[in-house]
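Please read through the structure below with the paragraphs that follow. They begin with one pair of strands and work outward.

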Amino acid sequence: MAILSKRGLLLAAWMLTFYVLAPARAELESSREYSLKAAFLYNFCQFIEWPDTAFAGRGAPLVIGVLGDDPFGSLLEETVEGEVVRGRRLRVERYRRVEDARRCQILFICGSEGKRSGAIVAALRGRSVVTVGETADFLEQGGMIALLSDQNRVKLRINPAMLRSSNLTVSSKLLRVADLQR
């Protein structure tokens with residue numbers, strides 16, 4: 001049996017740490033990222049106003065939809081659980097098809113749908129649904145809000161013209177903290 005030198009032991013320990021803990025660190029960073037994105041989605045409910053026609057009725061909840069391979073797990077439900085905004089309960093729904101998402105007020109389009117984002121946004125055009133994506137070209141594809149991950153931070157980019165075109169009113173407080181697409 002070979003005996004490892006002190007340097008060999010340190011290298012082996014580093015490799016073990018890298019291969020064992022790196023996936024855990026990546027999972028923790030991903031969890032933190034989606035915890036932040038869930039908080040952003042909740043806050044959008046407070047800083048955006050929808051016309052009454054965006055809801056099924058007076059007591060209908062404000063629905064945050066997730067389209068695609070859901071990266072949130074239970075984080076989104078935990079963030080909005082028991083919350084009420086402008087007299088409406090918040091509810092989370094998950095969808096596989098854009099046709100099912102037409103009655104939500106905010107639609108988070110997962111990165112797994114990146115290649116279809118333009119078609120998804122086009123299918124919702126003219127409806128009062130806030131489209132939120134996480135790909136770099138989301139706003140260029142007609143999306144309204146992009147939540148972009150960059151060096152352990154989530155950056156907020158907004159296309160105000162697209163929000164206005166869907167009969168949505170956005171608080172200036174939200175616009176001040178975002179990078180605006182012109």
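Which residue in S8 does Ala146 stand opposite? The partner of Ala146 in S8 is Arg157. This is a predicted model, and the pair belongs to an antiparallel arrangement in which six bridges join S7 to strand S8, residues 153-158. The two strands form a hairpin with two residues between them. In that turn, Gln151 has a positive phi of about 50°.

On its other side, S7 (residues 145-150) is joined by two bridges to strand S6 (residues 130-133), and here the two strands run parallel. Gly133 stands opposite Ala146, and Val132 stands opposite Ile145. Ala146 therefore has Gly133 across from it in one direction and Arg157 in the other, as sheet pairing is counted from bridges between strands.

These strands are part of a wider sheet. Eight strands make up an open sheet with mixed pairing, in the order S3-S4-S2-S5-S6-S7-S8-S10. Strand S3 (84-85) and strand S10 (179-180) stand at the edges and have a single partner strand each, so one side of each is left without a neighbour in the sheet. In total the protein has five helices and ten strands. One of the helices, H3 (residues 117-124), lies across strand S2 (62-67), strand S5 (106-109) and S6. Helix H3 runs at about 165° to S5.

Ile145 is a useful place from which to look into the interior. This residue lies in strand S7 and has a relative accessible area of 0%, so it counts as buried. Leaving out residues up to four places away in sequence, Ile145 touches Phe44, Ile48, Val130, Thr131, Val132, Gly133, Phe138, Leu139, Leu156, Arg157 and Ile158. Ile158 is 13 residues from Ile145 in sequence, and the two C-alpha atoms are 4.5 Å apart in space.

Phe44 leads on to the nonpolar core. In soluble globular proteins, nonpolar side chains tend to be buried together. The largest nonpolar core here has 38 residues, of which Phe44 and Val130 touch the most other members. Helix H1 (residues 6-47) supplies the largest share of this core, six residues. A second, separate core of 16 residues includes Val63, Tyr95, Val98 and Phe138. Beyond its neighbours within four places in sequence, Phe44 is in contact with Trp50, Ile106, Val132, Ile145, Leu147, Leu156 and Leu174.

Is Lys37 buried or exposed? Lys37 lies in helix H1 and has a relative accessibility of 1%, so it counts as buried. Not counting residues up to four places away in sequence, Lys37 touches Phe72, Phe108, Glu134, Leu147, Ser149 and Val154. Leu147 thus appears among the contacts of Lys37 and also among those of Phe44.

Two loops hold residues with backbone angles to note. Arg86 is not a glycine, yet it has a positive phi of about 50°. Arg86 is found in the loop between S3 and strand S4 (88-95), and its relative accessible area of 47% makes it partly exposed. Asn167, also a residue other than glycine, has a positive phi near 65°. The loop that holds Asn167 is between helix H4 (160-165) and strand S9 (169-170).

Some totals describe the protein as a whole. Buried residues make up 42% of its 182 residues. The accessible surface comes to about 10600 Å², and 53% of that surface belongs to carbon and sulfur atoms. Of the contacts with a separation of 6 or more, 61% are between residues 24 or more positions apart.

The confidence of the prediction should be kept in view. The mean pLDDT of the protein is 85, and 84% of its residues reach 70 or more. Over residues 4-28, however, the pLDDT is below 50. Beyond near neighbours in sequence, that stretch has four contacts in the model.

Technical notes
Residues are numbered from 1 along each chain as its sequence is written. This is a predicted model: local features need pLDDT of at least 70, side-chain atom pairs count only at pLDDT 80 or more; totals for chains, interfaces and linings use all residues. Side-chain values use heavy atoms; hydrogens and water are left out. Helices (H or I, at least four residues) and strands (E, at least two) are DSSP runs, numbered from the N terminus. Contact means heavy atoms within 4.5 Å. Axes are lines fitted to C-alpha atoms, for helices over the stretch in contact, and angles run from 0 to 180 degrees between N-to-C directions. A nonpolar core is a set of buried Ala, Val, Leu, Ile, Met, Phe, Trp, Tyr and Cys residues joined through side-chain atoms within 4.5 Å. Buried means under 20% relative accessible area, exposed over 50%, partly exposed in between (1.4 Å probe, protein chains only). Accessible areas come from the Shrake-Rupley method with a 1.4 Å probe; for residues, only the protein chains shown count as cover. pLDDT is the predictor's confidence in each residue, from 0 to 100.
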